[in-house]
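Q: I'd like to learn how to read a structure by eye, one feature at a time. Could you walk me through it?

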Amino acid sequence: MQDPILLLQMLVLLLVIGAFAGVLAGLLGVGGGIVLVPAFFYAFQTLGYAGPELMQLCVATSLSTILVTSTRSVLSHNKKGAVDWTILRAWAPGIMLGALIGMLIVAQLRTVALQFIFGALAMTVGLYMAFGRSAWRLGAAMPSGLLRLLLSPFVGFLSVLMGVGGGSFGVPLMSLFAVPIHRAVATAAGFGLLISIPSVAGFLLLPMTVETRPPATLGSINLIAFGVTISMTLLTAPLGARLAHALDPKPLRRVFAVFLLLVAANMIRKAAGW
């Protein structure tokens with residue numbers, strides 16, 4: 001029987017995490033996963049569930065929430081005709097293959113290694129958010145042929161290693177190849193769905209050690225964190241979207257970039273044992 005006080009603490013922490021992730025997703029257009037993974041990590045660690053499989057749990061649970069939020073986002077964007085289905089269909093096989101490979105790699109890694117990986121990739125995303133320019137271009141159209149064959153699995157692979165959806169890597173990639181930002185954001189939501197389907201299916205079959213497993217965990221996905229986070233993000237994301245129209249998003253993106261860099265640096269520090 002689980003301690004009811006511990007369960008209440010877990011519930012309160014997850015409510016706050018879900019609300020914060022939802023506001024940021026609506027306000028800045030970043031995927032909630034980039035906030036959820038470190039937030040889940042610190043929450044579960046505070047509750048006493050530290051262990052070699054903790055980051056697996058955080059990555060898997062974050063991706064399970066993306067399965068729902070990406071579906072909702074794609075349907076919403078598609079009503080406005082913003083999703084580029086040509087890009088989505090062409091990139092789907094590679095992204096899903098990369099996501100599956102990423103899940104298999106995560107299954108073999110322990111918390112310390114995943115902390116280092118998350119920290120390094122989060123720093124890369126944070127630096128791009130801080131210093132990236134909308135005018136930067138690598139090409140006039142999305143890659144095809146061999147380059148697409150190489151890049152599409154890479155997007156799925158890196159996203160699963162971080163526990164994020166399509167926005168963190170898909171939006172910058174499409175922007176660099178001249179896809180308009182609104183179309184890139186809408187299509188990246190589809191990337192998130194492609195990333196989460198194979199990876200979540202795999203993580204549901206990946207068991208955790210009983211002694212370090214939080215209550216209501218199926219495979220490597222915590223169902224309490226999944227349910228609470230989805231409920232809160234669906235409630236607060238529209239608030240973030242309204243704030244985005246009322247505020248200038250550029251300085252907010254830079255503030256979030258600094259926050260993300262600090263979170264990434266702290267994740268690496270803890271992994272290094274400093």
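Q: Let's take Leu-14: is this residue buried or exposed?
A: Anything under 20% relative accessible area counts as buried. This is a predicted model, and in it Leu-14 has a relative accessible area of 1%, so Leu-14 is buried. You'll find the residue in helix H1, which covers residues 4-28.

Q: Which residues is Leu-14 in contact with, apart from its sequence neighbours?
A: Skip everything within four places in sequence, and Leu-14 is in contact with Phe-40, Ile-224, Ala-225 and Val-228. Another way to look is by C-alpha atoms: those of Leu-14 and Phe-44 are 9.6 Å apart, with their positions 30 residues apart along the chain.

Q: Where does Phe-44 lie, then?
A: Phe-44 lies in helix H2. With 1% relative accessibility, Phe-44 counts as buried too. Leaving out residues up to four places away in sequence, Phe-44 touches Met-10, Tyr-49, Ala-50, Leu-54, Leu-57, Pro-214, Asn-222 and Ala-225. For a contrast in distance, try Pro-238: its C-alpha is 27 Å from that of Phe-44, and the two are 194 residues apart along the chain.

Q: How many residues of H2 are buried?
A: H2 is mostly covered, with 11 of its 14 residues buried. Among them are Gly-33, Val-35, Pro-38, Phe-40 and Phe-41. Just after the helix, look for Gly-48, which has a positive phi near 95°.

Q: What span should H2 have, going by its residue count?
A: At 1.5 Å a residue, the 14 residues of H2 (33-46) should span 20 Å. The end C-alpha atoms are 19 Å apart, which agrees.

Q: What about H4: how far does this helix reach?
A: H4 takes in residues 85-108, 24 in total, and reaches 34 Å from first C-alpha to last, close to the 34 Å expected. Don't stop at the end-to-end figure, though: there's a kink of about 50° at Ala-92, shortly before the proline Pro-93. At the start of the helix, a side-chain oxygen of Asp-84 comes within 3.1 Å of the backbone nitrogen of Thr-86.

Q: Why do residues three or four places apart in a helix point the same way?
A: An α-helix has 3.6 residues a turn, so residues three or four places apart end up pointing the same way. Keep that in mind while you look along H4, where the buried residues include Ile-87, Leu-88, Trp-91, Ile-95, Gly-98, Gly-102 and Val-106. The cover over the buried residues of H4 includes helices H3 (54-79), H5 (111-131), H6 (145-162), H7 (167-176) and H8 (181-203).

Q: Could we look at one residue in H3? Which residues does Ser-64 contact?
A: Ser-64 sits in helix H3 and is buried, with a relative accessible area of 4%. Beyond neighbours within four places in sequence, Ser-64 is in contact with Val-200, Ile-221 and Phe-226.

Q: Now the whole chain: what radius of gyration does the protein chain have?
A: The idea is to set the value beside that of a compact globule. For 274 residues such a globule would have a radius of gyration near 19 Å, and this chain has 18 Å, which agrees. The C-alpha trace spans about 55 × 40 × 40 Å along its principal axes, and 50% of the residues count as buried.

Q: And what does the secondary structure come to?
A: 10 helices and two strands. From the N terminus, the order is α-α-α-α-α-α-α-α-β-β-α-α. As for contacts with a separation of 6 or more, 81% join residues 24 or more positions apart.

Definitions and conventions
Residues are numbered from 1 along each chain as its sequence is written. This is a predicted model: local features need pLDDT of at least 70, side-chain atom pairs count only at pLDDT 80 or more; totals for chains, interfaces and linings use all residues. Side-chain values use heavy atoms; hydrogens and water are left out. Helices (H or I, at least four residues) and strands (E, at least two) are DSSP runs, numbered from the N terminus. The expected span of a helix is 1.5 Å times one less than its number of residues. The bend at a residue is the angle between axes fitted to the seven residues ending there and the seven starting there. Buried means under 20% relative accessible area, exposed over 50%, partly exposed in between (1.4 Å probe, protein chains only). Contact means heavy atoms within 4.5 Å. A polar contact is a pair of N or O atoms within 3.5 Å; within protein, one must be able to donate a hydrogen and the other to accept it, and residues adjacent in sequence count only if both atoms are side-chain atoms. The radius of gyration is taken over C-alpha atoms; the globule rule is 2.2 Å times the number of residues to the power 0.38.
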